[in-house]
Amino acid sequence: MGECANDVDDAVFGRAVIKKASDASRSPDSTVNVDIMVVYTTNVLDAVGGEEAMVAFLDACEADLNQRLANSDVDVTCTLVYQAMVDYVQSGDSATDRERLSDPSDGYMDEIHDDRELYGADLVC
C-alpha cells in the first residue's frame, strides 16, 4: 500500500470532513482538484516521529492518493494546501472528535474554519 498506509492513517485521514460548495459549472471532461487541509494533534506528531517526519508522511500520502486516483482512471487530483498541529486532546471517540472538528463554534478547534477559508481547502482531515 505504500508509505502512507500504516496505523497513523486513521489518526490523520478520514476523521472529519468540512466541505466547500462544489463548482457545478465545470466541464465533464475536466479534472477535478480537491484541496486538502490536514490538522493533527501532538499524539499524531509524536507517532510519526516529529515535524520533518510529518511533512514527509503527508507528502507521501498525497502522492499515494493521487497515484491511486490515476490508477483508477478517476479524473480527480488532490493537493495538500495546508497542514498544522492543533491544540486538542483526542477524546478517544472518533464521532466526538469529528463533531468537534466540524462545529465552528463549540470551543474545540474553532480556528480551523478560518484556516480552511484562508487556504481554500475543500476537505479538512
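**A few notes on this predicted model**

1. Let's begin in a loop. Met-109 sits in the loop between helix 4 and helix 5. This is a predicted model, so keep that in mind as you read on. What is the sign of the phi of Met-109? Phi is positive there, at about 55 degrees, although Met-109 is not a glycine. Met-109 also counts as buried, because its relative accessible area is 8%.

2. Now look at Asp-73, which is in the loop between helix 3 and strand 2. Asp-73 is not a glycine either, yet has a positive phi of about 55 degrees. Is Asp-73 buried or exposed? With a relative accessibility of 69%, Asp-73 counts as exposed, whereas Met-109 is buried.

3. Asp-73 follows helix 3, so step back into that helix for a moment. Helix 3 covers residues 51–71, which makes 21 residues. From its first C-alpha to its last, helix 3 reaches 30 Å, close to the 30 Å expected at 1.5 Å a residue.

4. Which residues of helix 3 are buried? They are Met-54, Phe-57, Leu-58, Ala-60, Cys-61, Asp-64, Asn-66 and Leu-69. While you look at that list, here is a handy rule: an α-helix has 3.6 residues a turn, so residues three or four places apart point the same way. Try picking out the listed residues on the model, including Phe-57 and Cys-61.

5. On to the cysteines. How many disulfides does the structure hold? The count is zero. Take Cys-78: its closest cysteine sulfur is in Cys-125, and there is no bond between them because the distance is 9.1 Å, which is too far. Looking from the other end, the closest cysteine sulfur to Cys-125 is that of Cys-78. Both residues are tucked away from the surface by the numbers: Cys-78 is buried at 9% relative accessible area, and Cys-125 is buried at 8%.

6. The aromatic rings deserve a look too, and the structure holds two aromatic pairs. In one of them, why do Tyr-82 and Tyr-119 count as stacked? Their ring centres are 3.9 Å apart and their planes meet at 10 degrees, so the pair is stacked. This pair links distant parts of the chain: Tyr-82 is in strand 2 (residues 76–85) and Tyr-119 is in helix 5 (residues 111–119), 37 residues apart. Tyr-82 counts as partly exposed at 22% relative accessibility, and Tyr-119 is partly exposed at 32%.

7. Tyr-88 and Tyr-108 make an edge-to-face pair, with 6.1 Å from centre to centre and 90 degrees between the planes. Here too, distant parts of the chain are linked: Tyr-88 lies in the loop between strand 2 and helix 4 (94–102), Tyr-108 in the loop between helix 4 and helix 5, and they are 20 residues apart. Tyr-88 counts as buried at 10% relative accessibility, while Tyr-108 is partly exposed at 34%. Tyr-108 has another partner to find: Arg-100 lies over the face of its ring, at 4.0 Å from the ring centre.

8. Last stop, Asp-35 in strand 1 (residues 32–40). Why does Asp-35 count as buried? Its relative accessibility is 19%, and the cut-off for buried is under 20%. Leaving out residues up to four places away in sequence, Asp-35 touches Thr-79, Val-81, Gly-120, Ala-121, Asp-122 and Leu-123.

Conventions
Residues numbered from 1 in each chain as written. Predicted model: local features only at pLDDT ≥ 70, side-chain atom pairs only at ≥ 80, totals over all residues. Heavy atoms only, no water. Helix = DSSP H or I, 4+ residues; strand = E, 2+ residues; numbered from the N terminus. Expected span 1.5 Å × (residues − 1). Buried < 20%, exposed > 50% of the residue type's maximum accessible area, 1.4 Å probe, protein only. Disulfide = S-S within 2.5 Å. Phe/Tyr/Trp six-rings, centres within 6.5 Å; stacked < 30°, edge-to-face > 60°. Lys NZ or Arg CZ within 6 Å of the ring centre and 35° of its normal. Contact = heavy atoms within 4.5 Å.
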